[in-house]
Amino acid sequence: MKAKINSRMAKLAAFSLILSLIITLFLYKAVKNAAQPEPTKYIAYFDRDLAADTLLSGKEIIMKSTPLSLIPEGAIENKDIIKEKRLLTDVKKGEMVIDSKLTERGELRVDTDKMWTIGIDVKDISNFLGVQLKLGEYYGLVYKSKSETRIMNKVMIVGIVDATGKEIISSGSSVPKTINVAIGSMEEMLEISDAKLKGVFEIIKPPEDWVFKREKSEDESTINKKE
C-alpha cells in the first residue's frame, strides 16, 4: 500500500515538474517577445510649419523610424513621391505626411483668377466621366433639355468635391457631389446657371484638334474644328 502511494506521489511530482517547466518556458518566451522592440518603418514627416498650397521640393521632409502600430493608412514611405506636389492644408513641424494632404498633380496649379467658376452637382450630369476628369483640362459641356441638345460651353475642370466640401484627390477616396468648372465670361456663367434649372448636362472630352467657338447667336454655341 505504501509502495503504491509512493509511486503515485512520484508520478504526481514528475507531472508537476513537467508542467512547471512548460509554464516557465511559455513565460520566458512571452517576456522575451515583449522585451524585443516593435518592428519599424521609415516614414516621412514635415520638418517645418508649412502653409496650404506650398509646392514641395522634398527639402521640407525628414524620414523617421516609426513603430508599425503608429503608422496610419496613407503615410508616405518614399520621400521622392512627395516632390512637386502641393499641400491641401496647413501643416505643423513634426506632423506625419499623409497622402490625403497632398494634391495628386501638385505640379499643376490651375490659375482661375481671371475666370468665372461655377459648381455643377453630379446629379445634374447624365453622363459623368468621374475619375477620368483631370484638373486643369478643358471639356465640352453639353446641355440637354426636352426641346434641345447642344454643346453650350468649353469649360475647365478646376475641382471635384464630396458632400462635405472636401476636394477629391484620388479615385475611390470619396463620392463626388459637385464638379467645379471655370469659364471665360460672365455671360457663359449665367447661361450655365440658368440652364441648371431647366435640364441636365453631359461632360464630353472632344478630340485635341477641336476648339470651342461661340456662334454669333446669343443662345447657340458649338465646338468647331480648327481651320
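Reader: What relative accessibility does K41 have?
Author: This is a predicted model, in which local features need pLDDT of at least 70 and side-chain atom pairs count only at pLDDT 80 or more, while totals for chains, interfaces and linings use all residues. Residues are numbered from 1 along each chain as its sequence is written, and side-chain values use heavy atoms, with hydrogens and water left out. K41 counts as partly exposed (buried is under 20% relative accessible area, exposed over 50%, partly exposed in between, with a 1.4 Å probe and protein chains only). The value computed for K41 is 38%.

Reader: With which side chain does K41 meet in a salt bridge?
Author: A salt bridge is a side-chain nitrogen of Lys or Arg within 4 Å of a carboxyl oxygen of Asp or Glu. For K41 the N to O distance is 3.5 Å, and the partner, which is itself partly exposed at 45% relative accessible area, is E77.

Reader: How many residues apart in sequence are the parts that E77 and K41 tie together?
Author: K41 belongs to strand β1 (residues 40-46), whereas E77 sits in the loop between β2 (61-67) and β3 (116-121); strands are DSSP runs (E, at least two residues), numbered from the N terminus. Because the two residues lie in these separate places, their salt bridge ties together parts whose separation in sequence is 36 residues.

Reader: Which strand holds E202, the partner of K144 in a salt bridge?
Author: The side chains of K144 and E202 meet at 3.2 Å, N to O. This pair links distant parts of the chain, 58 residues apart, with K144 in strand β5 (residues 138-144) and E202, at residues 200-204, in strand β8.

Reader: Is E202 buried or exposed?
Author: Its partner K144 has a relative accessibility of 29% and counts as partly exposed. E202, by contrast, has a relative accessibility of 19%, and therefore counts as buried.

Reader: In the salt bridge between D124 and K123, what relative accessibility does K123 have?
Author: The side chains of D124 and K123 meet at 3.5 Å, N to O. D124 counts as buried, at 15% relative accessibility, whereas K123 counts as exposed, with a value of 67%.

Reader: Which residue is linked with E148 and E191 in a network of salt bridges?
Author: A search of the whole structure finds ten salt bridges. Besides the pairs already described, there is a network that links E148 and E191 with a third residue, namely R150.

Key
Helices (H or I, at least four residues) and strands (E, at least two) are DSSP runs, numbered from the N terminus.
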